[in-house]
Amino acid sequence: MDEPQVIIGTPRSDMLASIERNGRHPDTLDLGSNMMLYMVYRYLPAPPVSPTATLSLAGASWVPDGVDRISLLPDVLLRDIISRLPAKDAARTAALASRWRPLWRSAPLSLVDSHLLPDGGASGPFIIGSPSPRAVTAAVSSALAAHPGPFRCVHLTCSTMDEHRGEMARWIDTLVAKGVQELVFVNRPWPIDLRLPAALFSCASLTRLYLGVWRLPDTAAVPRGVSFPNLRELGLCWNVMEDRDLAFMLERSPVLEFLVIMASQTGVRVRLVSRSLRCVQLGHTFLENIDVVEAPHLERLFQWQTVAAAGSRVMANRSFRIKIGNAPKLRVLGYLKPGEQELVVVVQISICKCMCVS
């Protein structure tokens, strides 16, 4: 039986000591961590709001007839405008006029923690080796507490979660209670296998969920009634998870259409049983097998740079099996490398000429 990867669960201090014993510079550890984070950030969805977006009337110094027609719009339209602004700008609308003051609290809020950095996130993803943004963490806590919800989207990628475990747990409880719809939640390590609070699995309002650099909760202990009834898109990036964790999330997501597993920390046996999945993407992932058991609506199955891990040899190349069962709508299958993947078709399917083989 393969030995587990030695990096999982290893304290940062032990990793630094090992690096120094081998005559390497301590910065090597941060370099490796930043490469991992870069890969995670690369595959996260972009926030739907931006602090650098330009306004169509930017620079205009006059209003033709002096009438503020925007404030005359119905509340439902004004709330929609506010929900499309970064959190700080949304809060500032309360200073425009008395007409706007109560709207911020009743509009679905978009909160992106990188927008709270001094440069508004313009310098790119927050990296290991930079100071922990404690002011940003405090601002996130304040915003979540002040707004009654719901939250249109929340992207939390800047905080060193191990330093803020109390805040992290409260964030999850608040987001569950206030109905977050889109959540991107990344642990800025170290450690890289910090346990994700199980309370997240109670968030029935989610439509899109991306998790990065976590150890997923022990799903065997999660209540049977828990589900993601509205979840349509799920991304798992560089996480530690058991086979049963993935099976649990697929089983409890009855309308899930898009699944991405990017850069797993541990070997994953992907067993697809879903009547809603349409697209699956697997990349830079340690796979044991891919088994499409029951996926009647699956149209695309992509896997690239996938390997089978052996012990601590991170890039071990051993062949694994892709087994296609009931997938009558499957049209695209790629990318296959001769000698590294074995394709087994159990049920006749129709795969068009866009099958990719490299």
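**Exercise 1. Decide whether Val-213 is buried or exposed, and describe its backbone and its surroundings.**

Solution. Val-213 has a relative accessibility of 0% and therefore counts as buried, where buried means under 20% relative accessible area, exposed over 50% and partly exposed in between, with a 1.4 Å probe and protein chains only. The model is predicted, so that local features need pLDDT of at least 70 and side-chain atom pairs count only at pLDDT 80 or more, whereas totals for chains, interfaces and linings use all residues. Residues are numbered from 1 along each chain as its sequence is written, and side-chain values use heavy atoms, with hydrogens and water left out.

The next step is the location: Val-213 lies in the loop between β4 and β5, helices (H or I, at least four residues) and strands (E, at least two) being DSSP runs numbered from the N terminus. Although Val-213 is not a glycine, its phi is positive, at about 65°. Its C-alpha atom is separated by 5.6 Å from that of Ile-192, 21 residues apart along the chain. Ile-192 is found in the loop between β3 (180-186) and β4 (208-212), and with a relative accessible area of 4% Ile-192 is buried.

**Exercise 2. Carry out the same analysis for Trp-238, stating where it lies.**

Solution. Trp-238 is placed in the loop between β5 and α8. Its phi is near 60°, a positive value in a residue other than glycine. Its relative accessible area of 21% makes Trp-238 partly exposed.

**Exercise 3. Find which parts of the chain are tied together by the salt bridge of Glu-182 and by that of Arg-269.**

Solution. A salt bridge is taken as a side-chain nitrogen of Lys or Arg within 4 Å of a carboxyl oxygen of Asp or Glu, and a search of the whole structure finds 13 of them.

- Glu-182 forms a salt bridge with Arg-208, with the closest N and O atoms 3.5 Å apart. Because Glu-182 lies in strand β3 and Arg-208 in strand β4, this pair ties together parts that are 26 residues apart in sequence. Glu-182 is buried at a relative accessible area of 12%, whereas Arg-208, at 22%, counts as partly exposed.
- Arg-269 forms a salt bridge with Asp-243, and here the closest N and O atoms are 2.6 Å apart. Arg-269 belongs to strand β7 (residues 268-273) and Asp-243 to helix α8 (residues 243-251), so the parts that this pair ties together are 26 residues apart in sequence. Arg-269 is partly exposed at 38% relative accessibility, and Asp-243 is partly exposed at 26%.

Two further entries complete the exercise: the side chains of Arg-252 and Glu-251 meet in a salt bridge at 4.0 Å, N to O, with Arg-252 buried at a relative accessible area of 6%. In addition, Arg-232, Glu-257, Arg-278 and Glu-299 are linked in a network of salt bridges.

**Exercise 4. Identify the buried residues of α8 and what covers them.**

Solution. The buried residues of α8 are Asp-245, Leu-246, Phe-248, Met-249 and Leu-250. An α-helix has 3.6 residues a turn, so residues three or four places apart point the same way. The cover over the buried residues of α8 includes β4, β5 (233-237), β6 (258-262) and β7, contact meaning heavy atoms within 4.5 Å. Phe-248 also forms one aromatic cluster with Phe-201 and Phe-228; rings of Phe, Tyr and Trp (its six-membered ring) pair if their centres lie within 6.5 Å, and planes under 30 degrees apart count as stacked, over 60 as edge-to-face and the rest as tilted.

**Exercise 5. Describe how strand β1 is covered and how it is joined to β2.**

Solution. In a regular strand the side chains alternate between the two faces of the sheet. Both faces of strand β1 (residues 109-112) are covered, since Leu-109 and Leu-111 on one side and Ser-110 and Val-112 on the other are all buried. Strand β1 runs parallel to strand β2 (residues 151-156), and 4 bridges join the two, where pairing requires that DSSP finds at least two bridges between the strands. Leu-109 stands opposite Phe-151 in β2.

The last step concerns the loop between α6 (134-146) and β2, in which Pro-150 lies. A cis peptide bond joins Gly-149 and Pro-150, with omega about 0°.
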